[in-house]
Amino acid sequence: MVEIPEARGSAAEIRRREGAAILAAIPDAAVPVALDLGGATPDTEGLAALLTRWDEAGRAVCFMIGGAEGLDPAVQARAEYRLSLGALTWPHFLVRGMLAEQLYRVQAIRTGHPYHRPWRP
């Protein structure tokens, strides 16, 4: 995990500065995934399938979470996939926790562990 320092300035300047730092932190062969309200909303099994596909292709995944001003358009353009955790707006610290939970569930699904119960609402 790479935490980008919070930038200062106008909203556009903050997005630009944070975006440049995010882009600089993406490993070369990674799949950049932007966390974005307008992104795809797969269920946990669908996310597990995506991560399995990328893993089998030998590509690490780099999740990009924006700060208070959101992700810069350059970061959005660099993303190979846009993922939404739902229509609600969450602080980026909570998004990290929610994403971590989903990644834990994905790993449980991939290893056949009973933690994830898809039959429950």
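Where does Thr44 lie?

## Thr44 and its neighbours

Thr44 sits in helix α2. This is a predicted model, so read everything below with that in mind. At a relative accessible area of 11%, Thr44 is buried, because the cut-off for that label is under 20%.

Who keeps Thr44 company? Leaving out residues up to four places away in sequence, Thr44 touches Gln102, Arg105, Val106, Ile109 and His116.

## The sheet

Now for the strands. There are three of them in an open sheet, ordered β2-β1-β3, and the pairing is parallel. At the edges you'll find β2 (61-64) and β3, each of which pairs on one side only. Going from one strand to the next, the twist averages 45°.

Zooming in on one pairing, strand β1 (residues 31-40) runs parallel to β3, and the two share four bridges. If you want a spot to look at, try Leu35: its bridge partner in β3 is Leu83.

## A salt bridge between two strands

Asp36 and Arg82 also bring β1 and β3 into the story, this time through their side chains, which meet in a salt bridge at 2.3 Å, N to O. Asp36 belongs to strand β1 and Arg82 to strand β3, so the pair links distant parts of the chain, 46 residues apart.

Are the two partners buried or partly exposed? Asp36 counts as buried because its relative accessibility is 18%, while Arg82, at 36%, counts as partly exposed.

## Salt bridges that involve α4

The model has eight salt bridges in total. One of them joins Glu3 and Arg96, with the closest N and O atoms 3.5 Å apart. Glu3 is in the segment before α1 (11-25) and Arg96 is in helix α4, so this pair ties together parts that are 93 residues apart in sequence. Arg96 itself is partly exposed, with a relative accessible area of 27%.

Helix α4 turns up again in the bridge between Asp55 and Arg110, where the closest N and O atoms are 2.8 Å apart. Here the tie is between two helices: Asp55 lies in α2 (residues 44-56) and Arg110 in α4, so parts 55 residues apart in sequence are held together. Both residues count as partly exposed, Asp55 at 45% relative accessibility and Arg110 at 35%.

## A charged network

Not every salt bridge comes as a simple pair. Which residues are linked in a network of salt bridges? They are Glu13, Arg16 and Arg17.

## A nonpolar patch on the surface

Finally, a look at the outside. Leu88, Trp90 and Leu94 form a nonpolar patch on the surface, and together they have about 310 Å² of accessible area. Trp90 is in the loop between β3 (81-83) and α4 (92-111). With a relative accessibility of 39%, Trp90 counts as partly exposed, because that label covers values between under 20% (buried) and over 50% (exposed).

Definitions and conventions
Residues numbered from 1 in each chain as written. Predicted model: local features only at pLDDT ≥ 70, side-chain atom pairs only at ≥ 80, totals over all residues. Heavy atoms only, no water. Patch = residues over 30% accessible without salt bridge, like charges linked within 9 Å, V, L, I, M, F, W, Y side chains within 5 Å. Areas by Shrake-Rupley, 256 points an atom, 1.4 Å probe, with all protein chains shown as cover. Salt bridge = Lys/Arg side-chain N within 4 Å of Asp/Glu carboxyl O. Buried < 20%, exposed > 50% of the residue type's maximum accessible area, 1.4 Å probe, protein only. Pairing = 2+ DSSP bridges. Axes fitted to C-alpha atoms, helices over the stretch in contact; angles between N-to-C directions. Contact = heavy atoms within 4.5 Å.
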